[in-house]
Amino acid sequence: MTITRRSLIKRTSALAVTAFALTSITPPLANAQGVDETLLLQAGPLGDVSLGSEDAPVTVVEYASMTCSHCASFHNNTFKAFKEKYIDTGKVRFIFREFPLDNTAAAASMLARCAPKDKYFDVTGLMFEEQKKWAFTSDPYGALINLGKQIGFTEKQVKDCLSDQTILNGIVSVRDVAANKLGVQSTPTFFINGERVPGALSLEELSEHVDKDL
């Protein structure tokens, strides 16, 4: 099943439990150490959201799903320290890419994309902090409407956002490129200067990969 605009706006628990198949995922790439960096650094239709200097010596790209508990754990427990140590000091440019694992994750990513671009990381950070309150309920659509109000949207704005096929298509496009051409099979998956490293990495594990390129 693919993500559709209609499936996102139904007011039923199906939004929470109906996963869509990554129908054309290829096996993991033979070269597990790296990928085509030109392809990796090519932004999707909606553009990239990033933090840090474009001239930083290390680029870290994260593919994450908003309903992924491991992704939430990374962002809630590790990301702040990573940002202070590497992003804020000009050593790392960090790019966040959506890789929704289900309809609820896709809807949450759409809502984050509808926020002002300079608020994107504030919104996704709040979503990860409160993941249990909206992602795993009997009515995730209603929970997202309430979350949208919390971050400054009206109910109509949330509904309009979740009905925007262009945003949905852009998010799905990024997910499909990652799955089919970059070997992303799970979330979170990091690319550190082109090296693919899956899993919710600790600060120490991230440092091991980042520091060798500094």
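**Buried helices, a pocket and aromatic pairs**

At a relative accessibility of just 0%, A107 falls under the 20% cut-off and so counts as buried. This and every value below come from a predicted model. A107 sits in helix α6, and the chain brings another residue into range here: the C-alpha atoms of A107 and Y141 are separated by 8.3 Å, although the two positions lie 34 residues apart along the chain.

Helix α6 (103-114) also turns up in the surroundings of α7. That helix, α7, is mostly covered, with seven of its ten residues buried. The buried set in α7 consists of Y120, F121, V123, T124, L126, M127 and F128. As for what does the covering, the list includes two strands, β1 (49-51) and β3 (92-98), together with the helices α4, α6, α8 (131-134) and α9 (140-150).

Being mostly covered goes along with a second role for α7, this time at the pocket. The largest pocket has a volume of about 290 Å³. Its lining counts 15 residues, and H75, F79, F121, G125 and E129 are the ones closest to the pocket centre. Three helices, α4 (69-77), α5 (79-87) and α7 (120-129), each put at least two residues into this lining. The largest share is that of α7, which supplies seven residues. In chemical terms the lining of the largest pocket is a mix: five residues are nonpolar, six are polar and four are charged. F121 thus shows up twice, as one of the buried residues of α7 and among the residues closest to the pocket centre.

Aromatic rings are the next topic. The structure holds twelve aromatic pairs. In one of them, Y63 and F191, the ring centres are 5.9 Å apart and the planes stand at 80°, over the 60 degrees required, so the pair is classed as edge-to-face. Y63 belongs to strand β2 (residues 58-64) and F191 to strand β4 (residues 189-192), so this pair ties together parts of the chain that are 128 residues apart in sequence. Both partners are tucked away: Y63 is buried at a relative accessible area of 1%, and F191 is buried as well, with a value of 0%.

Another pair, F94 with F121, is tilted, with 6.2 Å from centre to centre and 50° between the planes. This pair too links distant parts of the chain, as F94 lies in strand β3 and F121 in helix α7, 27 residues apart. F94 and F121 are both buried. The two also belong to one aromatic cluster, whose other members are F74, F79, F82, Y86, F96, Y120, F128 and F190. Strand β3, home of F94, is also among the elements that cover the buried residues of α7.

One member of that cluster, Y86, leads on to helix α12. Leaving aside residues up to four places away in sequence, S207 touches K85 and Y86. S207 is found in helix α12 (residues 203-211). With a relative accessibility of 8%, below the 20% limit, S207 counts as buried. The link to K85 goes beyond plain contact, since a polar contact of 3.2 Å joins the side chains of S207 and K85, inside the 3.5 Å cut-off.

Definitions and conventions: Residues numbered from 1 in each chain as written. Predicted model: local features only at pLDDT ≥ 70, side-chain atom pairs only at ≥ 80, totals over all residues. Heavy atoms only, no water. Helix = DSSP H or I, 4+ residues; strand = E, 2+ residues; numbered from the N terminus. Buried < 20%, exposed > 50% of the residue type's maximum accessible area, 1.4 Å probe, protein only. Polar contact = N/O pair within 3.5 Å; in protein donor to acceptor, adjacent residues only side chain to side chain. Contact = heavy atoms within 4.5 Å. 1 Å grid on protein atoms, 1.4 Å probe; cavity = no way out; pocket = protein on both sides within 12 Å on 5 of 7 lines; lining within 4 Å. Points joined across faces, edges and corners; volume = space filled by probe spheres on them. Nonpolar A, V, L, I, M, F, W, Y, C, P; charged D, E, K, R; others polar. Phe/Tyr/Trp six-rings, centres within 6.5 Å; stacked < 30°, edge-to-face > 60°.
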